[in-house]
Amino acid sequence: MKILLAEDDTELGDGVAASLRRELYAVDWVTDGQAASAALKTAQYDLVILDIGLPRLSGLQVLREMRSRPPSHAQAEHLKTVPVMIATAMDAVNDRVDGLDAGADDYLVKPFALGELHARVRALIRRRHAASSNQLVHGPLCFDLASRQASAHGVPLELSVREACILELLLLRTGRAVTKEQLLEALCAWDGDISLNAIEVYVHRLRKKLEPAGIQVRTFRGLGYCIHKLPASAGQFDAAA
């Protein structure tokens with residue numbers, strides 16, 4: 001999952017970005033509204049966290065620009081639906097109304113606890129993908145959005161951080177193909193060192209760990225990857241293995 005954080009307070013921004021990365025999110029952090037607007041034109045995010053009082057272009061201006069992109073814009077549909085959380089010290093009722101009316105999905109007042117921020121992030125991601133709880137279940141496979149832990153038939157799976165991130169995205173988009181480019185966007189921020197070839201390696205490793213549990217990561221040429229439940233006889237999982 002990739003998050004854009006727009007926060008001009010360097011101490012707060014650094015702390016929030018670090019906390020989200022510890023939760024295994026890829027984070028791009030910018031410190032002004034124009035940089036946020038530019039980032040939204042070049043990358044796809046799963047969530048945007050906006051401060052209202054940004055220099056150069058306010059958070060509300062960035063938000064209104066996102067929600068009003070013309071249909072001809074390459075990312076118009078995505079920008080109209082990507083979840084946006086406003087995180088600001090402006091706590092008056094009118095400020096909240098203005099933010100929500102501008103297109104925000106949530107409004108968090110500073111100062112806030114990082115635990116609450118993380119919970120709200122998970123809630124927005126669940127809402128976007130129509131998930132009712134933190135547990136993503138696909139056949140015998142279960143993935144917990146809060147702990148980022150996966151299990152099959154109740155037995156924990158030993159996944160690397162990047163394997164877990166790929167599995168999360170595949171489960172959130174069950175039934176739809178996920179391209180290598182989308183996986184790359186979700187895994188790395190601008191300073192990431194992951195390549196498309198590396199994505200193939202991580203998917204291969206994940207596939208090997210899931211197949212004994214009866215779960216297959218299928219490749220659709222030209223489209224991407226999709227998670228698929230194998231017939232009951234095709235996958236056998238030995239908890240003692």
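In the predicted model, arginine 148 lies in the loop that links β7 (141-144) to β8 (149-152). The phi angle of arginine 148 is near 60 degrees, a positive value in a residue other than glycine. The two strands on either side of this loop, β7 and β8, are paired in the antiparallel sense, and four bridges hold the pairing. Within this pair, phenylalanine 143 stands opposite alanine 150 of β8.

β7 and β8 belong to an open sheet of four strands, in which the order is β6-β7-β8-β9 and the pairing is antiparallel. The edges of this sheet are formed by β6 (135-138) and β9 (155-156); each has a single partner strand, so one side of each is left without a neighbour in the sheet. Helix α7, which spans residues 161-172, lies across β6, β7 and β8. The direction of α7 is at about 110 degrees to that of β7.

A further open sheet contains five strands in the order β2-β1-β3-β4-β5, and here the pairing is parallel. β2 (26-30) and β5 (106-109) are the edge strands; each pairs with a single partner, so one side of each has no neighbour in the sheet. Neighbouring strands of this five-stranded sheet are turned by 20 degrees against each other on average, direction ignored. The parallel strands β1 and β2 are joined by five bridges, and alanine 6 stands opposite valine 30 of β2. In a regular strand, side chains alternate between the two faces of the sheet.

Two helices can be described with reference to the five-stranded sheet. Helix α2 (residues 33-42) lies across β1, β2 and β3 and runs at about 160 degrees to β1. Helix α3 (residues 59-67) packs on the sheet, where it touches β3 and β4 (84-88). The direction of α3 makes about 170 degrees with that of β4.

A cis peptide bond connects lysine 110 to proline 111, with omega near -5 degrees. Proline 111 is located in the loop between β5 and α6 (114-128). Lysine 110 is also one of the residues that line the largest cavity.

A search of the whole structure finds one cavity of 30 Å³ or more. The volume of the largest cavity is about 50 Å³. The lining consists of Leu5, Ala6, Glu7, Leu12, Val16, Ile49, Leu50, Asp51, Ala87, Lys110 and Phe112. At least two lining residues come from each of β1 (2-6), α1 (10-22) and β3 (47-50). By residue class, the lining comprises eight nonpolar residues, no polar residues and three charged residues. Alanine 6, which stands opposite valine 30 of β2, is among the residues of this lining.

Helices α8 (residues 180-187) and α9 (residues 196-210) have axes that come within 10 Å and cross at roughly 90 degrees. This crossing angle means that α8 is roughly perpendicular to α9. On the side of α8, the contact is made by Lys180, Glu181, Leu183, Leu184 and Leu187. On the side of α9, Leu196, Ile199, Glu200 and Val203 take part. The residues of this contact divide into six nonpolar, no polar and three charged.

Strands β10 (residues 215-220) and β11 (residues 224-229) run antiparallel and are joined by six bridges. Glutamine 216 has histidine 228 of β11 as a bridge partner. The two strands, β10 and β11, form a hairpin with three residues between them. Glycine 222, in the turn of this hairpin, has a positive phi of about 85 degrees.

Definitions and conventions: Residues numbered from 1 in each chain as written. Predicted model: local features only at pLDDT ≥ 70, side-chain atom pairs only at ≥ 80, totals over all residues. Heavy atoms only, no water. 1 Å grid on protein atoms, 1.4 Å probe; cavity = no way out; pocket = protein on both sides within 12 Å on 5 of 7 lines; lining within 4 Å. Points joined across faces, edges and corners; volume = space filled by probe spheres on them. Nonpolar A, V, L, I, M, F, W, Y, C, P; charged D, E, K, R; others polar. Axes fitted to C-alpha atoms, helices over the stretch in contact; angles between N-to-C directions. Parallel < 35°, antiparallel > 145°, perpendicular 65-115°, else oblique. Contact = heavy atoms within 4.5 Å. Pairing = 2+ DSSP bridges.
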